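Work through the exercises below with the sequence and the model side by side, and try each task before reading its solution.

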Amino acid sequence: MNTKLTLRMDEDLIRRAKDYADLSGKTVSGLVADYFAILTGDLPSEHVLTPRVRGLLGALKGGGVDEEDYKRHLLEKYG
């Protein structure tokens, strides 16, 4: 059963939330519901990841890349 909930927020935050909801194809209520579902652990993890991040899952599987490789890369790039 859906029940009405009133939230009081800054006008600019509301505008940005509505813009984000439009871009994501959801309602602000849907975004808030998803947020609380994430906080309480009720939303499966595949819904938490953005499509771009989900697309990267398994990309390095079997690649033999570890933390030391990453550190070496950072030293070469910035060191």
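The exercises that follow concern a predicted model, and each task is followed by a worked solution.

**Exercise 1.** Find how confident the predictor is in the chain, and which elements have the lowest and the highest mean pLDDT.

*Solution.* Begin with the whole chain, whose mean pLDDT is 85, with 92% of its residues reaching 70 or more. Then turn to the elements, among which helix H3 (residues 45-48) has the lowest mean, 61, while H1 has the highest, 93.

**Exercise 2.** Decide whether Leu-7 is buried, partly exposed or exposed, and describe its surroundings.

*Solution.* First locate Leu-7, which sits in the segment before helix H1 (11-24). Its relative accessible area is 43%, and because buried means under 20% and exposed means over 50%, Leu-7 counts as partly exposed. Finally, Leu-7 belongs to a nonpolar surface patch together with Leu-5, Met-9 and Leu-13, and the accessible area of the four together is about 360 Å².

**Exercise 3.** Check the span of helix H2 (residues 28-39) against the expected value.

*Solution.* The helix has twelve residues, so at 1.5 Å a residue H2 should span 16 Å, and the 17 Å between its end C-alpha atoms agrees with this. Just after H2 comes Gly-41, which takes a positive phi of about 80 degrees.

**Exercise 4.** Describe the N-terminal end of H5 and how many of its residues are buried.

*Solution.* At the N-terminal end, Asp-66 acts as a cap, with a side-chain oxygen 3.2 Å from the backbone nitrogen of Glu-68. Next, count the buried residues among the twelve of H5: the count is zero, and the helix is hardly covered.

How values were computed. Residues numbered from 1 in each chain as written. Heavy atoms only, no water. Patch = residues over 30% accessible without salt bridge, like charges linked within 9 Å, V, L, I, M, F, W, Y side chains within 5 Å. Areas by Shrake-Rupley, 256 points an atom, 1.4 Å probe, with all protein chains shown as cover. Salt bridge = Lys/Arg side-chain N within 4 Å of Asp/Glu carboxyl O. Helix = DSSP H or I, 4+ residues; strand = E, 2+ residues; numbered from the N terminus. Buried < 20%, exposed > 50% of the residue type's maximum accessible area, 1.4 Å probe, protein only. Polar contact = N/O pair within 3.5 Å; in protein donor to acceptor, adjacent residues only side chain to side chain. pLDDT = per-residue confidence, 0-100. Expected span 1.5 Å × (residues − 1).
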